[in-house]
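Student: I would like to learn how to read internal cavities and unusual backbone geometry in a model. Could we work through one case?

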Amino acid sequence: MAVHTVTWLPAGRSVRLATGTTLTEGLREAGLELGQPCGGQGRCGRCVVQVTAGSVRRRSTLRLSPADLEAGYALACQAMVEGDATVRLLATEAELERRMVTDKCARRVEAPFDYDPARDQTIRAFALALPEPTLADAVDDWARVERGLAAYGIRGLEIPLPLLPTIGERLRSSNWRVTAIVETDTWHRPGGPVRLIELLPGAAQAPAGLFGLAIDIGTTTVTIYLVDLHSGQVIDTAAEYNGQIARGEDVISRVIYAGKNNGLDELVSLVRATINTLIGRLAARNHVRPDQLYKASVVGNTIMLHLFLGIPPASIRLAPYIPAATRPTPWLAGALGLELHPLANVDCLPGVASYVGADITAGVLACGLADSQALTLFIDVGTNGEIVLGNRDWLMTCACSAGPAFEGAGVLCGMRATRGAIEEVWINQATHEPTYRVIGEGAPRGLCGSGLIALLAELFITGLIDKRGNFKLDQDTPRVRIGDHGAEYVVAWAAEAATGRDIVLTAVDIDNLIRAKGAIFAGFAVLAQSVGLSLDAVERLLVGGSFGQYLNVEKAVQIGLLPDLAWERFTFLGNTAVLGAYLALLSRQARSRLQAIAARMTYLELSADNTFYDAFTSALFLPHTDLGQFPTVARLAAAGEDALAASSRGGKP
Ligand code: FES
């Protein structure tokens with residue numbers, strides 16, 4: 001057997017290794033350590049190294065990008081010595097992190113490159129140095145302001161009542177030098193009139209503090225972007241669980257609650273209170289006064305917007321499922337009790353039908369689906385799994401009640417995707433010990449959606465649960481046990497958790513997750529079927545949702561949440577609903593495009609027949625009753641079973 005010299009960098013240690021030795025064995029020979037969260041199964045990507053000289057034989061290259069392979073990267077557990085070589089251990093966590101092609105991260109939100117407030121923004125500020133009235137020039141104050149604005153091409157000024165009684169005093173106390181904040185037009189009044197919102201003392205062309213809000217009212221999570229309307233940049237974001245959760249985890253239970261006593265008023269004040277709490281948090285953190293918030297774009301599913309605007313949603317729940325409105329005109333923040341400038345317009349964006357609302361039309365705008373020639377499947381993984389299939393020529397959509405599990409609600413140790421949330425998990429095939437990654441590093445506090453998807457997949461692939469999600473309690477590990485809530489897996493012991501309690505995934509949690517993924521899978525399977533397409537024909541699969549900033553698509557396929565397509569077809573976009581609201585907030589063109597998108601979408605009512613129910617029951621397995629639809633998972637599960645059998649025989653093949 002030939003022996004070769006392998007040198008490890010940066011340590012500079014060299015060892016003699018026989019042909020066929022894996023790099024991980026070689027590392028041990030050199031007295032060096034490298035974590036192997038998946039136990040050397042080639043699944044986790046945490047043993048990535050870079051071959052800088054010579055070559056090695058790479059057994060599996062699936063999960064590394066062509067560019068990384070070209071640059072000599074390899075999974076140490078899947079690479080064998082075949083000659084002299086120099087191998088570099090990666091220096092930093094950042095270099096190691098997310099190298100796998102299965103690791104999809106949402107892009108950082110940036111203002112559209114060509115944002116031009118003068119062309120795009122309806123909220124404008126104009127510096128007015130007005131001549132003081134004289135007998136010769138005795139026009140009224142309103143007309144004087146109007147004349148000042150005419151110099152900027154602004155015609156036909158509307159001054160709302162609350163403001164009109166105050167303009168005289170403001171003009172005189174500022175010595176006729178003021179800044180007019182106006183809204184030039186809205187989607188339902190594209191030609192104006194121009195509405196005066198504020199008269200600020202001093203004539204400044206770009207007064208400090210011209211802000212707006214993009215608000216996503218999710219059934220489970222409310223998310224807000226604070227936006228600088230001058231630069232178009234997102235200054236800060238804040239999110240919180242929707243205060244309405246306490247009155248029902250899903251939209252149907254809230255519709256029922258709204259129909260009882262003063263249930264509707266209660267739900268309205270709960271969601272508005274959640275929004276005001278977030279506005280207060282953003283304003284305090286960024287030294288912004290609420291009266292500097294001059295506009296808000298709001299999205300949410302149709303029921304959430306009814307419950308936000310105080311419109312009874314009862315007619316949506318019963319056939320023929322008719323909402324009161326899907327394209328409401330803007331309302332004043334003051335009238336809604338929201339802590340923005342009282343004359344700021346709150347613009348609820350257009351929806352399509354009973355269960356497909358503005359969060360989806362905004363998502364379609366944000367992901368560019370309606371401009372793409374490629375056949376695209378867009379899935380918003382949230383409490384109501386909304387789905388769109390199509391391209392620039394046609395758009396079909398449907399919605400299915402998935403439940404809040406992927407947003408961490410209704411799960412014992414679930415949490416939002418924020419600091420302290422476990423967002424990725426690997427389980428060592430042999431020891432059943434987990435390795436996890438936490439958002440913001442630090443001690444874990446719970447599991448967010450991305451982490452729940454990863455843990456469920458790892459439990460299944462390593463054979464600790466069966467395809468129905470039941471724990472195999474005969475495993476030789478303290479991690480699988482009967483706890484206070486029944487069978488469970490311990491992903492973090494109390495000693496390592498910020499909560500001081502074990503972080504577990506229970507059998508009940510698993511059932512909720514399987515039902516949630518089953519509903520979403522069934523939704524897009526039925527949608528594709530309804531237009532006579534197979535899922536293989538999908539060229540792009542876009543995933544949105546506020547369950548994390550990261551998604552391991554391989555694991556989402558392994559549990560049967562996403563179809564078994566080539567990984568490069570997947571893109572994870574993060575919260576597309578609030579992204580679309582942000583684009584509509586910035587640009588009147590985007591706002592009117594949204595109107596057009598909503599008008600073009602064809603809605604498929606899933607509860608109209610049994611197709612969905614049949615598809616749903618078949619999807620209540622990991623990954624699905626029909627394994628033929630998941631060839632890559634079938635191969636992996638078979639390999640996992642063999643390895644498990646081997647480990648229960650004490651590791652000997
Ligand atoms: S991929 Fe090598 S240890 Fe997991």
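Student: How much space lies in the largest cavity?

Tutor: This is a predicted model, and in it the largest cavity holds about 170 Å³ of space. The structure has 5 cavities of 30 Å³ or more.

Student: Which residues lie nearest the centre of the largest cavity?

Tutor: Asp 216, Gly 218, Asp 359, Asp 380 and Glu 407 do, out of a lining of 19 residues. Two elements, strand E11 (211-217) and strand E18 (384-390), each give two or more residues to that lining. By class, the lining has 3 nonpolar, 11 polar and 5 charged residues.

Student: Where does the largest cavity lie with respect to the domains?

Tutor: Begin with the division of the chain: domain 1 (3-90), domain 2 (121-201), domain 3 (211-354), domain 4 (359-402 + 523-610) and domain 5 (405-513 + 633-648). Domain 3 and domain 4 both contribute residues to the lining of the largest cavity, so it lies between them.

Student: What lines the second largest cavity, and which element gives the most to that lining?

Tutor: The second largest cavity has a volume of about 70 Å³. Helix H9 (residues 302-309) gives the most to its lining, with 4 residues. Among the lining residues are Thr 302, Leu 305, His 306 and Leu 309, along with Ile 311, Pro 328 and Ala 358. This lining divides into 7 nonpolar and 5 polar residues, with no charged ones.

Student: Now the backbone. Why do a positive phi and a cis peptide bond deserve a second look?

Tutor: Because most residues other than glycine have a negative phi, and most peptide bonds are trans.

Student: Which peptide bonds are cis here?

Tutor: Among them is the bond from Leu 9 to Pro 10, with omega near 0°. Pro 10 sits in the loop between strand E1 (3-9) and strand E2 (13-18). Another is the bond from Leu 622 to Pro 623, where omega is near -15°. The loop between helix H18 (611-618) and helix H19 (631-648) holds Pro 623.

Student: What is phi at Asn 261, and is the residue buried or exposed?

Tutor: Asn 261 is not a glycine, yet its phi is positive, about 40°. Asn 261 belongs to the loop between helix H7 (251-258) and helix H8 (263-286). With a relative accessible area of 80%, Asn 261 is exposed.

Student: And His 432: buried or exposed?

Tutor: His 432 is buried, at a relative accessible area of 4%. Its phi is also positive, near 65°. His 432 lies in the loop between strand E20 (421-427) and strand E21 (434-438).

Terms used: Residues are numbered from 1 along each chain as its sequence is written. This is a predicted model: local features need pLDDT of at least 70, side-chain atom pairs count only at pLDDT 80 or more; totals for chains, interfaces and linings use all residues. Side-chain values use heavy atoms; hydrogens and water are left out. Domain bounds come from an automatic or database domain assignment. On a 1 Å grid over the protein atoms alone, a cavity is a set of points where a 1.4 Å probe fits but cannot get out, and a pocket is an open set with protein on both sides within 12 Å along at least five of seven lines; lining residues have an atom within 4 Å of a point. Grid points are joined across faces, edges and corners, and a volume is the space filled by probe spheres set on the points. Ala, Val, Leu, Ile, Met, Phe, Trp, Tyr, Cys and Pro count as nonpolar, Asp, Glu, Lys and Arg as charged, and the others, Gly among them, as polar. Buried means under 20% relative accessible area, exposed over 50%, partly exposed in between (1.4 Å probe, protein chains only).
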